[in-house]
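Trainee: I would like a close look at one part of this protein, the aromatic cluster and the helices around it. Please take the rest of the chain afterwards, as far as it helps.

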Amino acid sequence: MPLTAASEAVPPSLTASPETVQPPRTASFALIIGVNRSHEPDQPELRFADDDAARYLDLFRMLGARTYLLARLDDNTRRLHPQAAAEALDPKRAELATSVTKLGEDIALARSRGVETVAYVVYAGHGNVRNGEGYVSLEDGPLTGQMLSSDVVARLGADRVHLIVDACYSYFLAYSRGPGGQRRPLPAGFTRAVGLALADNVGLLLSTSSARESHEWEAFEAGVFNHEVRSGLFGAADADGDGQVSYREIAAFVERANAAIPNERYRPQVHARPPKGSELLVDLRQGLERRLEVDGAQGAHYLLEDANGVRLAEFHNAQGQPLRLLRPPPRGPVFLRRVSDEAEFPLPTAPDVVRLEALSAEAPRVASRGAAHAAFQHIFTLPFGSDTVARFEFRPPPPMTLTEASAAGGRSSIRKQLGWGALALGVASAGAGMWATLEARDLRNSVAPSLSQQEAAARNRRIRAYNTTSGVLYGLGGAAVLGSALLFLWPDTDTVPLATLSADGAALGLSGAF
């Protein structure tokens, strides 16, 4: 059932600094998984799932979370993220089990000391659906929603768990699909829920709310949804200025970021489901001790980048909407770039609190990167503010369209029809073979000693013909029955290819199926 927005938005303000409000006694933990290469050999490799994982590691470390990383980093990502390169384990089942065990021990220790615990499980990579159940890929096997529930979430044992997934069909990790790919309307069983959706302490933030593809974009060198979520968690989604980001705020932020994209195919359909009793997704107050303040006098589209061109966050604040953003540790230069005039503001390493209005603009470090993709260039072109959050409602996913239903269930239906046809052919062939066998036996039994040599030879030829016919029919029937069994038992796997796009809009080919 949709949750209505608050009747009044809390006026944003920069007057209440994070130091004046003590965060609750809570310990944060994170398990981050990035998979470029699926366990399914027919899936093309992704390019930026490892980059997403490394950037989430940096983000959660800024927030003080004990973090474990599973990702196979390529050479470029290792150069840009040396800490991630030093810590990352292979995204495989054994390494996942080991990391879950270690993280569960950390959480148990915190709980034994009376500390409330919150865990984040983040996945970037391939997703698919089989027999109505969604799954994501490790390098050596699938990870279904039920497996996430029993083997990860339950074993962590945290007081609250937030699951963030950027993958095609991510919705089906939490909710199964009805027969033929159709969804049943709320509230009489809006898709049969599986373990994750039934756990009151688990919140879901998923990149798709239907059978949609997720996208990477070379301009971000990241998944589009992940880039937007991280931008919001940097503080850009904190519309009421309380130093916390709620599910309503992050969902409204992502939806607003994509609202100007004309083609619905490229517009992420975020699915947000808060844990029962709390909409809080992340508490930024400890991290905001080191921050960038945007006073909101001017609404504009900004990019926060490091010296290597890694896009850390992006936002478009509405006029009159102040923001407080996390700042990375002082390890190197960080720049805030205003998109409208390409003005670039270097952020000093000290003091901890920097105000945008006190900075001086410089010429940009690099020339224009060219025209952005015709769809993704519209991201963050609309301003975001507290009124956006006030108007936002949690909505159930739309009914599956005929096209989606066809893609989701069409191939399975065709296979079943072919399977029944092959089975019928097998039964008919076996029956005809049996008839030929019986005819040959009757002829053999009817041979009498009084028959002439010529007539006996003719009967023998007929017997051999019946035997040859029965052998061919038995072989055909066996092959048809075996084929029908394979068609019936073949898994219902629906794959949506993901096109990776360059910064100038050129298609780089199929980059994977999330």
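Mentor: What follows starts with the aromatic cluster, moves to the helix contacts, and ends with some single residues.

The model is predicted. Its secondary structure comes to eleven helices and 23 strands. Of the 514 residues, 51% count as buried. Among contacts with a separation of 6 or more, 76% are between residues 24 or more positions apart.

Now the cluster. Tyr 56, Phe 60 and Tyr 120 form one aromatic cluster. A search of the whole structure finds four aromatic pairs. One of them is Phe 60 with Tyr 120, a tilted pair with 4.9 Å from centre to centre and 40° between the planes. A pair counts as edge-to-face over 60 degrees and as stacked under 30, so an angle between those limits is called tilted. The pair links distant parts of the chain: Phe 60 belongs to helix H1 (residues 49-62) and Tyr 120 to strand E3 (residues 116-124), 60 residues apart. Phe 60 has a relative accessibility of 1%, so this residue counts as buried. Tyr 120 is buried as well, with a relative accessible area of 4%.

Tyr 56, the other member of the cluster, also has a charged partner. The charged end of Arg 230 sits over the ring of Tyr 56, 4.9 Å from the ring centre. Both residues belong to a contact between two helices, where Tyr 56 is on the H1 side and Arg 230 on the H7 side.

That helix contact comes next. Two packed helices are described by the angle between their axes and the distance between the axes. H1 and helix H7 (residues 224-236) pack at an angle of about 10°, and their axes are 11 Å apart. With that angle, H1 is roughly parallel to H7. On the H1 side the contact is made by Asp 52, Arg 55, Tyr 56, Leu 59 and Met 62; on the H7 side it is made by Asn 226, Val 229, Arg 230, Leu 233 and Phe 234. By class, the contact of H1 with H7 has six nonpolar, one polar and three charged residues.

Another helix pair can be set beside this one. Helix H4 (residues 93-112) and helix H5 (residues 145-156) pack at about 20°, with 8 Å between their axes. H4 is thus roughly parallel to H5. From H4, the residues in the contact are Leu 96, Ala 97, Val 100, Thr 101, Leu 103, Gly 104 and Ile 107, and they meet Asp 151, Val 152, Arg 155 and Leu 156 of H5. Divided by class, the contact of H4 with H5 has seven nonpolar, two polar and two charged residues. Glu 105 is found in H4 too, and is exposed, with a relative accessible area of 51%. The C-alpha atoms of Glu 105 and Arg 155 are 9.5 Å apart in space, while the two residues are 50 apart in sequence.

Gly 141 is in strand E6 (residues 141-144). The relative accessible area of Gly 141 is 2%, so this glycine is buried. Leaving aside neighbours within four places in sequence, Gly 141 is in contact with His 39, Arg 93 and Val 136. Gly 141 and Lys 92 are 49 residues apart along the chain, and their C-alpha atoms are separated by 7.6 Å.

To return to aromatic pairs, Phe 253 is buried, with a relative accessible area of 2%, and Phe 384 is buried, with 4%. The ring centres of Phe 253 and Phe 384 are 5.1 Å apart and the planes are at 85°, so this pair is edge-to-face. Phe 253 lies in helix H8 (residues 247-258), whereas Phe 384 is in the loop between strand E20 (353-355) and helix H9 (386-391), so the pair ties together parts 131 residues apart in sequence.

Two backbone details remain. Ala 350 and Pro 351 are joined by a cis peptide bond, with omega of about 0°. Pro 351 is in the loop between strand E19 (343-347) and E20. Glu 342 has a phi near 60°, a positive value in a residue other than glycine. The loop between strand E18 (334-338) and E19 holds Glu 342. At 29% relative accessibility, Glu 342 counts as partly exposed.

Methods:
Residues are numbered from 1 along each chain as its sequence is written. This is a predicted model: local features need pLDDT of at least 70, side-chain atom pairs count only at pLDDT 80 or more; totals for chains, interfaces and linings use all residues. Side-chain values use heavy atoms; hydrogens and water are left out. Rings of Phe, Tyr and Trp (its six-membered ring) pair if their centres lie within 6.5 Å; planes under 30 degrees apart count as stacked, over 60 as edge-to-face and the rest as tilted. Helices (H or I, at least four residues) and strands (E, at least two) are DSSP runs, numbered from the N terminus. Buried means under 20% relative accessible area, exposed over 50%, partly exposed in between (1.4 Å probe, protein chains only). A charge sits over a ring if NZ of Lys or CZ of Arg is within 6 Å of the ring centre and within 35 degrees of the ring normal. Axes are lines fitted to C-alpha atoms, for helices over the stretch in contact, and angles run from 0 to 180 degrees between N-to-C directions. Angles under 35 degrees count as roughly parallel, over 145 as roughly antiparallel, 65 to 115 as roughly perpendicular and the rest as oblique. Contact means heavy atoms within 4.5 Å. Ala, Val, Leu, Ile, Met, Phe, Trp, Tyr, Cys and Pro count as nonpolar, Asp, Glu, Lys and Arg as charged, and the others, Gly among them, as polar.
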